[in-house]
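Welcome! Please open the structure in your viewer and keep the selection tool at hand, and we will walk through it stop by stop.

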Amino acid sequence: MEELDAEPPLMVVPGADPTARQLCFAWGPAEVLVCETLFGRRGAGEGGPSSSRVFVVRKDQDIYIQTLRKLFNESHGIFIGLQRSEEELAGKSRRAQLVQVSKNYRSVIRACMEDMHQAAVSTRDPALHSQYSTQVSILSAMELIWNLCEILFVEAAAAGPLLLRLLDWVRLHVCDVDNMVREVLSSENPSKHELFWNAVDVFVLQGRMDEARHLLAKEASANPTSVNMYKILDDLMKKMPVPSLGNTQTLTEMELKWQHWHEECQRYLQDGTFASNSHMESICKILLGDEDAILEKKELMTTWYQFLVTRLLYSHPTVKPMELRFYAQSSMDLFLGGESSPEPLDTILMAAFEFEMHQVIKECSIALSNWWFVAHLTDLLDHCKLLQSHNLYFGSNMREFLLLEYASGLFSHHSLWQLGVDYFDHCPEYGRVYLELHIERIPLNTEQKALKVLRICEQRQMHEQVRSICKIMAMKALRNNRLGSALSWSIRAKDAAFATLISDRFLKDYCERGCFSDLDLIDNLGPSMLLSDRLTFLGKYREFHRLYGEKRFSEAAKLLLMLMTAHIAPCSFWMTLLTDALPLLEQKEVIFSAEQTYELMRCLEDLTAGKSDKQKFQDDDVETMKVEMLRLALARNLARVIVKEGTLEGS
């Protein structure tokens, strides 16, 4: 088993005091149930039942944050689309498709971040404001990491375009300059504003030359003495060679142009062209890639990775991907200067610059509060064929392991569990096993939810889970005395024993009320009535009542007799059947033949003979009267039949 990198942090459950009372706990798939016992640490008997408390400790709290629902729901659609995409696409087409998928994920993160920011601004609750602000910071860091991984791993930008992508990456995530520029330009005299040169410097540091030149034009128009210096600096900034995506020039040509331009900047600096203006001289030094000059603007960059990109822009614009690790490490060391230690975000970004994908995933798993990020990023990298060689020690690969963890967290939510089903479906090794275990734990609060879960199980041929769900729902319906629903669920579960139990309840209910409930269900049992003998009897007995109601007495009589002679009817119900025969025996027209009448007599005698003397003594007068009436009716019917049959024979 793999060693832990560090001891897990201690979790304090608010309100629980393990020093005062012993605690017990039970593990769940995504939660831990912690409860106080009656045993005190200082001796038994402290406290009482009324003071015991139960705590639910959730592993993944983020899924309960309402504003993150968009992240989970919309990313689910992107994930499913990626699994179903055309795998046959190869080369540039496939890469472009994967880059677009990555951008879709990032757009969902950004949309969720904007919603969270809006929620933080609009709330008046300080606790909620703090929670939303923290989530905004986390989402911002997630997008920053994802964007860098997209550039380095998914798009795999080559030397030249790589720098352009990194510039866009920094500009997207460092937005302070825009607020600063608005403040400067809204003033009466922009060039005299205290933040004017800071704004120019930030534009230069981010490689936004057109905006920097536009601001410098304000200085030239307001200060005629600096016009010549401005024109020279403006020309240098204008001529600065930068790789472009659509440019067909080779890297060698780009490096030659950049070298000539670099020498021109060096010449103007050495000639003292900008000596009279320290701000312009500082900008010229930045253009030359002077690390000291760039580090002087440290406060304007705020992060070491912005310093890295600025440094590459002005000293090594054709940097190759595998050279990034050296520049990244030295840039972080120079920028932090030993004053502070790297934050978790710094460690993750450094791992990305070093092309250590597994380290990126590992550090993100530790630093982030849920599995969403690592699960989806790993899945995307797996589709890029970048994680094929990495299997975990217990058999599953990293992609599947993280997807299983993420989907397991979704199953602890009352509605997001439906998304988790699809994630399990796309885990070929353990997905089905996890789904079977988790789907049995879904609380079936309503029949609609049960049908939804049942449909999912039936689509995946999960027969054991189908039976389990149907049994649970049948039992719930039976407890609420909803016999029709209970019978329907037991038939669906193909549970003969339970169907027999419910059929008995139907028959008991009929004996007490004199009529059947849920006639539509019983009338349309069809082949389902063969599930159990008692259910068959229930269906046939209901058919007898229907025939009797339609005045088809002869057919009703045959069916009634068959139920008794074939021993389909339970013995305890024979008296009811014989009582049902009374109206047929009293009809003007003879219904039962002599043979049928003898059979009825035999059934009556079997019923009464089967009772002991004690039982007979305990029978009330009503039962005794029923037996006498039946004997009389059977005797009269037999006499009528004999007369009728003798008359027919004589004629």
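The tour below has four stops, beginning with some notes on how to read it.

This is a predicted model, in which local features need pLDDT of at least 70, side-chain atom pairs count only at pLDDT 80 or more, and totals for chains, interfaces and linings use all residues. Residues are numbered from 1 along each chain as its sequence is written, and side-chain values use heavy atoms, with hydrogens and water left out.

**Histidine 376**

Select residues 372–383, which form helix 17; helices here are DSSP runs of H or I with at least four residues, numbered from the N terminus. Inside helix 17 you will find histidine 376. Is histidine 376 buried or exposed? Histidine 376 counts as buried because its relative accessibility is 0% (buried means under 20% relative accessible area and exposed over 50%, with partly exposed in between, using a 1.4 Å probe and protein chains only). Now show its side chain: one of its polar atoms lies 2.8 Å from the backbone oxygen of tryptophan 372. Beyond its neighbours within four places in sequence, histidine 376 is in contact (heavy atoms within 4.5 Å) with Ser75, Phe79, Tyr105, Trp146, Tyr406 and Tyr423.

**Helix 15**

Next, select residues 344–353, which are helix 15. How many of its ten residues are buried? Seven are, so helix 15 is mostly covered. The buried residues are Asp346, Ile348, Leu349, Met350, Ala351, Ala352 and Phe353. To see what covers them, display helix 3 (126–154), helix 4 (161–173), helix 13 (304–315), helix 14 (324–336) and helix 16 (357–367), which are included in the cover. After helix 15 comes phenylalanine 355, with a positive phi near 60°.

**Helices 22 and 23**

Move on to helix 22 (residues 463–479) and helix 23 (residues 483–493), whose axes come within 8 Å and cross at roughly 165°. Axes are lines fitted to C-alpha atoms over the stretch in contact, with angles from 0 to 180 degrees between N-to-C directions. The two helices are therefore roughly antiparallel (an angle over 145 degrees). Among the residues that meet are Arg467 and Met473 in helix 22, and Leu483 and Trp489 in helix 23.

**Serine 503**

Finally, select serine 503 in helix 24 (residues 496–513). Serine 503 is buried, with a relative accessible area of 0%. A polar atom of its side chain lies 2.7 Å from the backbone oxygen of alanine 499. Not counting residues up to four places away in sequence, serine 503 touches Leu487, Arg534, Leu535 and Leu538.

Key:
Polar contact = N/O pair within 3.5 Å; in protein donor to acceptor, adjacent residues only side chain to side chain. Parallel < 35°, antiparallel > 145°, perpendicular 65-115°, else oblique.
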